[in-house]
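Visitor: I would like to go through this structure with you, taking one question at a time. Please give the reasoning before you give each answer.

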Amino acid sequence: MRNPFRPTAGATPPELIGREGMLDEFEYGLQLGSGAPGLLTIITGARGIGKTALLSAAQDKAREQGWIVISETATRGFVGRIGETMRLRVEELGSGPSSRRITALGAAGFTVTTQLPPERQVDWRRLGGQLLSLLAEKRTGLLFTVDEIHSADRTELSQLAADVQHFIRDGLPIGLIFAGLPAAVPDLLNEGVATFLRRADRIDLHAAAVKEVERSFTHTFAQAGIKISDEGIRHAAQATGGYPFLIQLIGYQLWRQAEINDLALEEDNVTQAISAATRRHEMTVIEAALSTASEKDKDFLHAMAQDEGPVAAGDIGKRLNAKSNVVANYRARLIAAGLIEAPAYGKVDFAIPGLREYLRKIRT
């Protein structure tokens, strides 16, 4: 067997551990069609928690039902790129046989990079209505998925939300799934026409149970004939913390160790795999997340790292000799950046596994 683990952003893992049933409402909505609650969904969670993987799973379910899928990342001009894709699909369907099955489509390759002027916005809605009407005749529909909404232009997001709302009112078979960091959602829901998204299903992703990771590792390695002790499985699973990206990284490194050790993993191999995965996690996730943080932001994070778990904002203020309003500003900024979270009133904790340990390491 080939190594099934895929520790790359956006890659589909061999199993969505701990995500069973999360897309049931969406899948039911695909069957019901226009106006079904599950067809309007927002997926949130920290970096590396599996938002894009769950988004991909939703796209696969839509494809299986014959829906067109237009998948975009919320970089500048994404609404225009969606429009270009819709135009091509209208042209294709308009001349195609009525019995043809719709297949999944992406927006890659289009170079529209500007926001749409008012006159083009009208055309965009007309084009979308035309495509959706064609799909309704074929008893299928259209799904928009937009990733990384925390970095999106709010004008474009609001424009897309307004048009989707219009399509829903017209009874057209439309679905919309957003994905992004948790802090992006309150801002988005307060954006004028986007307030109708308050009725969207919310999927807030958290770490999977370590026991579920153990079960998955045991099954995956046994299936490939890789020998590893129960203790080795527990050690590896605990090192992931249930964090999806680390599950993929550690699984990937364990598989590599097995390939060079006659499909047998001793405790030394497990330790080496965890160390290699940890280094990769630090480089690709932690260091990238910290790259946009200011020195003051990092001072705040270092003050947090003195505790083993959630810490009161007041304690951070004392350590930094900072006033409460200053602490509140840094707290809000770091939450918005996806570096920390607020697990309880007045407290903060790290949102990225391993960040506390990394900060301690670079301070010594």
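Guide: Let us start with Glu 308, which lies in the loop between helix 11 (295-304) and strand 8. Please keep in mind throughout that this is a predicted model.

Visitor: Is Glu 308 buried or exposed?

Guide: A residue counts as exposed when its relative accessible area is over 50%. The relative accessible area of Glu 308 is 63%, so Glu 308 is exposed.

Visitor: What separation is there between the C-alpha atoms of Glu 308 and Asp 349?

Guide: Glu 308 belongs to the loop between helix 11 and strand 8, while Asp 349 is in strand 10. Along the chain the two residues are 41 residues apart, and their C-alpha atoms are separated by 9.4 Å.

Visitor: Which residue is the bridge partner of Glu 341 in strand 10?

Guide: Strand 9 pairs with strand 10 (residues 347-350) in the antiparallel sense, over two bridges. Strand 9 spans 340-341, and the partner of Glu 341 in strand 10 is Asp 349.

Visitor: Which are the edge strands of the open sheet with the order 8-10-9?

Guide: This open sheet is formed by three strands with antiparallel pairing. An edge strand here pairs on one side only, and this holds for strand 8 (311-312) and strand 9 (340-341).

Visitor: Turning to strand 1, how many of its five residues are buried?

Guide: On one side of strand 1, Leu 40, Ile 42 and Thr 44 are buried, and on the other side Thr 41 and Ile 43 are buried, which leaves both faces covered. Strand 1 (residues 40-44) is therefore largely enclosed by the rest of the structure, the count of buried residues being five of the five.

Visitor: Which residue of strand 5 is the bridge partner of Thr 44?

Guide: Strand 1 pairs in the parallel sense with strand 4 (residues 174-180) over five bridges, and Ile 43 stands opposite Ala 179 in strand 4. Strand 1 also pairs in the parallel sense with strand 5 (residues 201-204), over four bridges. Within strand 5, the bridge partner of Thr 44 is Asp 204.

Visitor: Which residues gather with Glu 267 in a patch of negative charge on the surface?

Guide: Glu 267 is located in helix 10 (residues 267-290). Residues of a patch need over 30% relative accessible area, and Glu 267, at 32% relative accessibility, counts as partly exposed. The residues that gather with Glu 267 in this patch of negative charge are Glu 231, Glu 266 and Asp 268.

Terms used:
Residues are numbered from 1 along each chain as its sequence is written. This is a predicted model: local features need pLDDT of at least 70, side-chain atom pairs count only at pLDDT 80 or more; totals for chains, interfaces and linings use all residues. Side-chain values use heavy atoms; hydrogens and water are left out. Patches are made of residues with over 30% relative accessible area and no salt bridge: like charges are joined within 9 Å, nonpolar side chains (Val, Leu, Ile, Met, Phe, Trp, Tyr) within 5 Å. Accessible areas come from the Shrake-Rupley method with a 1.4 Å probe; for residues, only the protein chains shown count as cover. A salt bridge is a side-chain nitrogen of Lys or Arg within 4 Å of a carboxyl oxygen of Asp or Glu. Lys and Arg count as positive and Asp and Glu as negative; His and the chain ends are not counted. The place of a charge is taken as NZ of Lys, CZ of Arg, CG of Asp or CD of Glu. Buried means under 20% relative accessible area, exposed over 50%, partly exposed in between (1.4 Å probe, protein chains only). Two strands pair if DSSP finds at least two bridges between them.
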